[in-house]
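Trainee: I have a model open and a list of terms I half understand. Can we go through what justifies each one?

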Amino acid sequence: MNFKIAVLPGDGIGPEVMAEGTQVLSQVARLYGFSVELEQGIVGGASIDAHGKPLIDPVLSLAKHSDAVLLGAMGGPKWDGLDYSIRPERALLALRQELGLFANLRPVKLFSALASASTLKREVVEGTDLLVVRELTGGIYFGQPKGITKLADGTERGVNTEVYTTPEIERIAHVAFRAAQKRRKKVTSVDKANVLEVTELWRKVVSRIHKNEGYAGIELEHILVDNCAMQLIRNPRQFDVLVTTNMFGDILTDEASVLAGSMGMLPSASLGEAGMGSSDVRRIGLYEPIHGSAPDIAGKGVANPIGTILSAALMLRYSLRLEEAAVCIEKAVDETITNGARTADLGGKLSTRQMTDEIIKYL
Ligand code: IPM
Ligand code: MG
C-alpha cells in the first residue's frame, strides 16, 4: 500500500506543526506496513511571496492527484493589506471548492486530563464529545451576488448572499445522519429559521431526509444558532452531532474549541462526494488543524502540534481507510496528555518537537 499525500505547510506555525505531523505519519506507516509519499507544495502567503498568488495551478493539480491533502495554516499580518481576491485565505477557499469538499467534520473531544485547561469550569466541559458537521462549499461564503459597489452619492454598498439549494442541504444532512449512526445517534441541526428563509429551507430539507431516508433510529432536533452558541458553553454534553451552514459552522467551531482546552488540540477533515457512505472507496479529503497561522508564536518552536497530528489520524481514517492506524495515533495522544505532557498553550513548557517525541513514544 502506497499513498500519495500532498503536504501544504502554509504560513506562520504551519511549517512547524506540519513537520511534526508528517513525522508521526511516517512512524505509523512503518508500524502498520504502508508507505506514504509526501509531496510538498507551497500555498497561502508563502505562495504569494513566491508566485504573486496564494494558489498556483501545479499545487492545485498536486492536491487533485493525491490520495489526501494535509494542510498547516495560512495567512498572517504581512498579507493583510492585500486585496481580498489574492489573500492567503483564498487558497483555502479555492482548494475546498475545486476539490468539491463540501463536508467539514470538526470533532470536539475533551481529553479528560485537560478539563482544567479550559477557561470554562471543569463541571461544564467534562465529558464533551461532539462533532460539528459544517457545510463548506456553499452559503454566504460563495453565494452570488457579492461584492462592493459605489453608489451615486459617493457611499458604497457591500453585499454577500446566503444561498442553499435542496441538493446541497440533502448531501450534508446525509453526512450528519451517517456520522450519528456511528456515534450516540443524535443530530442537532443549527439554523436561524425564525428569520432567514434560506435556513427555513435548511430545516425543512433536513427534516425530510431524516423522515424519508431511513434515519428513524436517529434523534433529530432543531436549534436556533443564537441559542446553540449559548447551549454550547452552558451544557455541551447535550450535543452529539451538530450540522450547520458554512458561516454558522465557522463561528460555532471556534467557540466549541474552548471546550477542548485549547484550539491547538483540534483537527478537522473536509470531505467530498466520492465514496461517501461506501466503506470500500478511497476518497480524497483535506485535513488541517482548526487553528490559524499564529504569527505571534511562529518560528519559536512552541506551537502545539496535536491539532495537526490528530488531523493526520483523521486522514488515515477517512481517506486512507486505515482505522487501526488512526486509532493508534489518537490513543498515543491521549496517553501523552494523560501523562502530563503540555505545550505552552496548555500551560506547559514542552516545545513542538518535544511534544511530538512524547507522542511517538506511545505509538
Ligand atoms: C476556518 C477558517 C477559514 C474559514 C478562513 C481562514 C477562510 O476560519 O477554516 O474555520 O472561514 O472557513
Ligand atoms: Mg474559522
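Mentor: Yes. Start with two strands. 5 bridges join β11 to β12, and the two run antiparallel. Keep in mind that this is a predicted model.

Trainee: What makes β11 and β12 a pair?

Mentor: Two strands pair if there are at least two bridges between them. β11 and β12 are joined by 5 bridges, so they meet the cut-off of at least two. Within that pairing, Ala-269 stands opposite Tyr-287 in β12.

Trainee: Which sheet holds β11 and β12?

Mentor: An open sheet of 10 strands, in the order β2-β1-β3-β12-β11-β4-β5-β10-β8-β9. Neighbouring strands are turned by 25° against each other on average, with direction ignored.

Trainee: Why are β2 and β9 called edge strands?

Mentor: Each of them pairs on one side only. β2 spans residues 35–40 and β9 spans 219–224.

Trainee: How do you know that the pairing in this sheet is mixed?

Mentor: Look at β5. Strand β4 (residues 103–109) runs antiparallel to β5, with 7 bridges between them. Strand β10 (residues 241–244) pairs with β5 in the parallel sense, over 4 bridges. Strands can pair either way through backbone hydrogen bonds.

Trainee: Which residues face each other in those two pairings with β5?

Mentor: Leu-105 stands opposite Val-133 in β5. On the β10 side, Arg-134 has Thr-244 as its bridge partner.

Trainee: What makes β5 mostly covered?

Mentor: Count its buried residues. β5 covers residues 129–135, and 6 of its 7 residues are buried. A residue counts as buried if 20 or more other C-beta atoms lie within 10 Å of its own.

Trainee: Try that rule on a loop. Is Ala-294 buried or exposed?

Mentor: Ala-294 has 22 other C-beta atoms within 10 Å. The cut-off is 20 or more, so Ala-294 is buried. It is in the loop between β12 and α10 (306–318).

Trainee: What is unusual to look for in the backbone of Ala-294?

Mentor: Check phi. Phi of Ala-294 is near 40°, a positive value in a residue other than glycine. Arg-321 also has a positive phi, near 60°. Arg-321 is found in the loop between α10 and α11 (323–338).

Trainee: Why is Arg-321 called partly exposed?

Mentor: Arg-321 has 17 C-beta neighbours inside 10 Å. Buried needs 20 or more, and exposed needs 12 or fewer. The value 17 lies in between, so Arg-321 counts as partly exposed.

Trainee: And what makes Lys-349 exposed?

Mentor: Lys-349 has 10 other C-beta atoms within 10 Å. The limit is 12 or fewer, so Lys-349 is exposed. Its place is in the loop between α11 and α12 (352–362).

Trainee: How do you know that the bond from Gln-144 to Pro-145 is cis?

Mentor: Read omega. For this peptide bond omega is near 0°, and the bond is cis. Pro-145 is found in the loop between β5 and β6 (147–150).

Trainee: Which residues are around ligand 1?

Mentor: Glu-89, Leu-92, Leu-93 and Asp-250. Helix α4 (residues 89–98) gives the most to this shell, with 3 residues.

Trainee: Why does that shell divide into 2 nonpolar and 2 charged residues?

Mentor: Leu counts as nonpolar, while Asp and Glu count as charged. The shell holds Leu-92 and Leu-93, plus Glu-89 and Asp-250. That gives 2 nonpolar, no polar and 2 charged.

Trainee: Which residues of α4 are buried?

Mentor: Arg-90, Ala-91, Leu-92, Leu-95 and Arg-96. The buried residues of α4 pack against α2 (45–51), α3 (57–64), β11 (267–271) and β12 (285–289). After α4 comes Gly-100, whose phi is positive, near 65°.

Trainee: How is the chain divided into domains?

Mentor: The domain assignment gives domain 1 (1–111 + 261–363) and domain 2 (118–259). Their centres, taken over C-alpha atoms, are separated by 23 Å.

Trainee: How many residues are in contact between the two domains?

Mentor: 21 residues of domain 1 are in contact with 24 residues of domain 2. On the domain 1 side, β4 gives the most, with 7 residues. That side divides into 12 nonpolar, 6 polar and 3 charged residues.

Technical notes
Residues are numbered from 1 along each chain as its sequence is written. Chains are lettered from A and ligands numbered from 1 in the order in which they are written. This is a predicted model: local features need pLDDT of at least 70, side-chain atom pairs count only at pLDDT 80 or more; totals for chains, interfaces and linings use all residues. A residue is near a molecule or strand if its C-beta atom, placed from the backbone, lies within 6 Å of it. Two residues are in contact if their C-beta atoms, placed from the backbone, lie within 7 Å. Domain bounds come from an automatic or database domain assignment. Axes are lines fitted to C-alpha atoms, for helices over the stretch in contact, and angles run from 0 to 180 degrees between N-to-C directions.
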